[in-house]
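Hi everyone, thanks for having me. I'll talk you through one structure today, so please pull it up and follow along.

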Amino acid sequence: MQHRDGLELLRSRVSMIGYAVAIVLSVLVFGFWQLQVVQKSHYADLAEKNRIKEIRLVAPRGKIYDRYHKILADNRPSYNIVFVRENSPHKVEETVAALANGLGMSAEELTQKIDRKKKDPPYQPITLKEDAGTGDVAYVMAHAYELPEVSVEFQPRRLYREGQVAAHALGYIGEVTEAQLRESPDLKPRDMVGVQGLELVYDAVLRGVDGSRHVVVNNSGREIETLPDEVKPTPGHDIYTTIDLDLQKAAEDLIGDQVGAAVVLDPRTGEILALVSKPSFDPNLFASGITSFDYKTLQDNPDHPFENRAIRSAQPPGSIFKIIEAAAALESNDITSLDHVYCSGSSNFYGRAFGCWVPKGHGNVDMYDAIVHSCDVYFYNLGNKLGIDKISQFASLAGLGRKTGVDLPGELGGLVPSQTWIQRVKRVKWSPIDTINVAIGQGMINVTPIQAAWAIGGLASGGRLKQPHLVDPGQLRMIGVDAPEVHSETYTVREDTVETVAKAMWGVVNDGGTATIARVDGFDVAGKTGTAQVVNKSAYKKGSDTEDHAWFVGFAPYRNPEIVVSVLIEHGGHGGVTAAPPAHAVLDMYYKKKTGHFNEGTAQKVASLMSQP
Amino acid sequence: MRLRDLWHDFDWTLFCAILVLSAISLIEIYSATKNSQFEQYAALKQLIWICIGIGLLFIVAALDYHIISEQIPWLYMAGIGVLVYTLALGRTVSGSKSWIVIGPMRLQPSELVKVIVIVAVARYLSELRNVRYLNLEQMIKAGLICGIPVALVAMQPDLGTTITFLPILGIGLLVRGIKPLTFVIMLICFVLALPVAWPFLGQHQRDRITNFVNPEKDLKGSGYQVNQSKIAIGSGGALGKGIFKGSQNQLEFLPTRHTDFILAVVGEEMGFAGVGLTLGLLGFILFRAINTAQTARDELGLFIVMGVFGIYFFHTLENVGMVIGFMPMTGIPLPFMSYGGSSIIAVFMAMGLVIGVRRRRYVN
């Protein structure tokens with residue numbers, strides 16, 4: 001009996017344990033219900049991310065060609081070493097430690113690169129090494145098993161075939177910034193976008209659409225199979241610029257190590273045949289991620305190699321402004337070209353003596369002589385008689401003091417002064433003495449090289465101004481880009497006015513004037529030199545900086561010109577000496593190409609001879 | 001005829017449950033290892049172990065458990081001897097000296113010793129007749145019977161297996177009777193023992209515990225396995241991805257998937273349905289054990305069955321809890337499911353004990 005009771009007691013305790021089992025099993029089943037039924041899609045998503053790796057197929061950027069389909073900006077194959085934090089079996093420090101030696105980079109450098117992208121989502125690959133060498137690629141491939149989180153990514157990379165040539169026109173590219181990503185929905189992290197020049201302006205045209213490939217990977221990152229949903233990358237559109245590489249090189253070679261700029265335009269169409277700014281830089285440096293050292297060296301260069309002087313160096317035009325003034329005078333009927341002025345070497349206005357650049361004077365000069373020999377006294381008198389209002393009104397019409405609208409970023413508009421301008425900005429009344437200075441292109445007047453070419457070319461074409469451009473909008477419309485027509489404007493200028501100034505400018509080059517160096521046999525070159533006093537003599541480089549800026553603007557043929565060239569050499573001294581030779585080289589090359597006397601072999605020979613000191 | 005009796009009294013329902021579990025286990029072990037370089041014959045080996053296990057099950061079930069109980073002193077001594085031998089001359093696998101090699105077989109003696117300890121503890125407890133609550137001396141004696149082999153296993157060191165001995169004692173003491181106050185004091189002592197034991201734990205054991213408390217902390221290191229297991233199970237959904245089609249399994253994201261994490265493979269490839277069936281069968285086995293204990297003829301039978309129940313229950317709770325992150329990670333196999341010869345043999349022999357007790361319930 002006792003025994004029976006004892007067993008009953010034990011059995012009741014066993015029953016209690018039975019309830020515990022029921023509770024525990026219910027909790028476990030509930031756990032599976034939560035995972036498999038309630039949160040199924042969440043975990044299905046995670047499993048897919050585990051399993052499927054997306055490989056970005058980087059679209060090649062559109063190429064950039066010159067007008068004769070010579071390649072300027074090309075693409076070359078390259079490889080990046082990338083690191084994906086998501087699903088990595090290692091801690092970041094372990095990955096870094098394993099890679100540092102193999103990639104020849106310091107652990108700090110790698111950590112820094114990863115830390116910079118810390119806020120990115122973890123599936124976003126982080127580029128550890130751009131444009132990796134074959135050794136790096138081999139190292140990563142060989143360690144694919146141990147380091148599944150690190151992989152090699154193919155990326156077509158920009159190759160600027162001509163190096164520094166036309167760098168300011170082409171610009172360069174760089175990795176997309178966070179601000180750009182916020183603004184533009186079609187940009188993705190790690191995209192390369194235009195930062196300067198044509199690369200920036202036509203970025204949307206040049207940039208392709210990346211494709212993608214999905215691969216199934218196992219836990220060690222080995223690719224098991226490729227899914228059939230591959231999206232091929234769509235390459236960007238190629239762009240054919242108006243640049244003539246031969247003219248571009250000719251101008252660059254002749255400017256050489258000087259600081260300056262040159263612009264070559266076809267005034268009939270606005271096409272830019274060459275656009276030079278010196279010193280230049282190699283945009284290839286940016287293509288593979290410029291090192292901070294290289295960038296700083298360029299940035300700290302006192303001659304500012306990144307500055308596009310062709311559209312941003314606004315300087316007093318010096319005597320090239322006399323052409324605008326002469327035309328203004330002819331158009332106003334206040335003076336005719338027959339009027340004679342006696343130049344004794346200086347002249348007095350409002351109680352101050354103004355000297356001519358030739359101290360002994362030019363004697364009795366008419367407008368033709370005054371332009372050919374650049375007589376200052378003649379233009380003092382002309383300017384004084386015209387007054388600032390008429391001068392500035394015509395200069396504005398002719399295209400000065402405002403942007404040309406070139407398809408490049410950061411253009412400056414220069415300055416044409418007027419009575420209202422000086423009151424608004426400087427809060428003083430215009431003094432007629434200032435007019436005397438402006439009459440010879442000094443003082444409060446600034447012109448960029450592209451404006452000089454545009455305005456003089458426009459005047460010589462009978463008052464027709466075509467918006468300067470590097471890319472023909474018709475070409476863009478053909479590929480479906482909504483590009484406005486080349487802006488075209490016309491101002492009234494009489495035929496005999498154009499004839500008078502053009503003839504005089506022909507004399508500058510062909511009739512013993514200040515720019516005989518620019519003469520090309522058989523091609524009626526007209527031109528005008530200019531020498532602008534450097535007002536602001538900030539002396540970081542004594543000597544050369546106090547030199548005047550040298551200008552030359554020329555076109556050919558002298559009636560109905562096909563080509564206009566402007567050259568600015570900063571601190572270059574007299575325009576006829578330093579600014580005219582590059583213009584001559586361009587005009588000469590142009591004429592030879594036009595008449596079929598040019599082949600590239602001789603061009604190189606000529607260039608190498610001319611660049612010798 | 002004893003053989004005819006065995007045929008007649010045998011618990012065929014329970015046996016069928018075990019066969020279905022074994023079938024699921026074989027399918028998923030094959031699925032988990034068919035592409036593996038080192039384990040491609042795991043399913044075949046498991047099949048052989050199961051066959052051996054079934055043979056042992058019938059032998060144990062055929063024997064009268066009183067006879068086994070009578071032989072326990074020398075069986076117990078032999079078990080201790082094997083454990084000492086293992087400690088001295090065993091083979092080290094992943095840090096634990098817990099294997100011995102007999103011909104073509106590799107065995108973990110600690111698993112087999114568990115069966116002996118079950119009977120030894122049951123015999124001691126059943127001989128304490130007419131005791132409502134255990135006194136301290138009895139508890140210490142029972143503790144020593146279990147504690148000596150546990151200490152030897154702990155020295156291997158194999159923490160997971162060490163812990164699995166404790167439910168034999170725990171369930172036995174609970175059923176034999178512990179005063180409620182003593183039970184509370186024991187619980188408090190256990191909780192207080194954790195910080196004391198902390199410095200003695202190895203780094204990866206500490207990692208497992210901290211990781212259990214905070215699973216998001218380290219998904220790369222120690223949290224990786226449980227995280228991958230949850231992804232596998234969750235992504236399986238209601239009906240699973242299909243056998244041989246689980247990406248977490250086939251692409252090897254799941255760790256130790258044919259052993260400790262076999263249920264995650266079931267969850268991924270057979271879904272909630274497959275897990276439900278598996279847990280249902282395991283639950284059936286547990287309740288069948290409880291029922292067997294309640295209908296046992298005597299206290300010895302009851303304690304033997306409850307000892308087996310303790311092992312099954314603890315393994316199930318810990319392993320199933322672990323794969324969904326409800327329990328800290330330990331290397332404890334899932335009964336009848338996880339790959340491993342020693343575990344299978346021990347589990348089948350233990351089942352033989354249960355069936356042996358059950359078939360003698362009506363004998364008077």
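Let's start where the chains meet: 43 residues of chain A are in contact with 55 residues of chain B, contact meaning heavy atoms within 4.5 Å. Before I go on, a bit of housekeeping. This is a predicted model, with local features needing pLDDT of at least 70 and side-chain atom pairs counting only at pLDDT 80 or more, while totals for chains, interfaces and linings use all residues. Residues are numbered from 1 along each chain as its sequence is written, chains are lettered from A and ligands numbered from 1 in the order in which they are written, and side-chain values use heavy atoms, leaving out hydrogens and water.

Back to the interface. About 4100 Å² is buried between chain A and chain B, and carbon and sulfur atoms give 72% of that. Buried area here is the accessible area, with a 1.4 Å probe, that two parts lose on being put together, summed over both. On the chain A side, A:Arg13, A:Phe32 and A:Gln36 lose the most area to chain B, together 16% of what that side buries.

How many salt bridges does the rule find across the interface of chain A and chain B? Zero! The rule asks for a side-chain nitrogen of Lys or Arg within 4 Å of a carboxyl oxygen of Asp or Glu. Over all chains, though, a search of the whole structure finds 48.

Here's one of them: A:Asp210 and A:Arg56 pair up through their side chains, 3.8 Å from N to O. That links distant parts of the chain, since A:Asp210 sits in the loop between helix 9 (203–206) and strand 8 of chain A, and A:Arg56 sits in strand 1 of chain A, 154 residues apart. Helices (H or I, at least four residues) and strands (E, at least two) are DSSP runs, numbered from the N terminus.

Are these two partners buried or exposed? A:Asp210 counts as buried because its relative accessibility is 16%, and so does A:Arg56, at 15%. The cut-offs are under 20% relative accessible area for buried, over 50% for exposed, and partly exposed in between, using a 1.4 Å probe and protein chains only.

Now over to chain B, where B:Arg359 forms a salt bridge with B:Asp9, with the closest N and O atoms 3.9 Å apart. B:Arg359 is in helix 15 (residues 341–359) and B:Asp9 is in helix 1 (residues 2–9), so this pair also joins distant parts of the chain, 350 residues apart. B:Arg359 is buried at 11%, whereas B:Asp9 is partly exposed at 30%.

Staying in chain B, look at B:Ser338, in the loop between helix 14 (299–323) and helix 15. B:Ser338 is buried, with a relative accessible area of just 1%. Leaving aside neighbours within four places in sequence, B:Ser338 is in contact with several residues, including B:Ile29, B:Gln46, B:His258 and B:Asn319. B:Ser338 and B:Leu263 are 75 residues apart in sequence, and their C-alpha atoms are 8.2 Å apart in space.

Last stop: the second largest pocket. The lining has 47 residues, with A:Lys53, A:Glu54, A:Ile55, A:Val84 and A:Ser151 nearest the centre. Strand 1 of chain A gives the largest share of that lining, six residues. Strand 1 is also where we met A:Arg56. Thanks, and I'm happy to take questions!

Notes:
1 Å grid on protein atoms, 1.4 Å probe; cavity = no way out; pocket = protein on both sides within 12 Å on 5 of 7 lines; lining within 4 Å.
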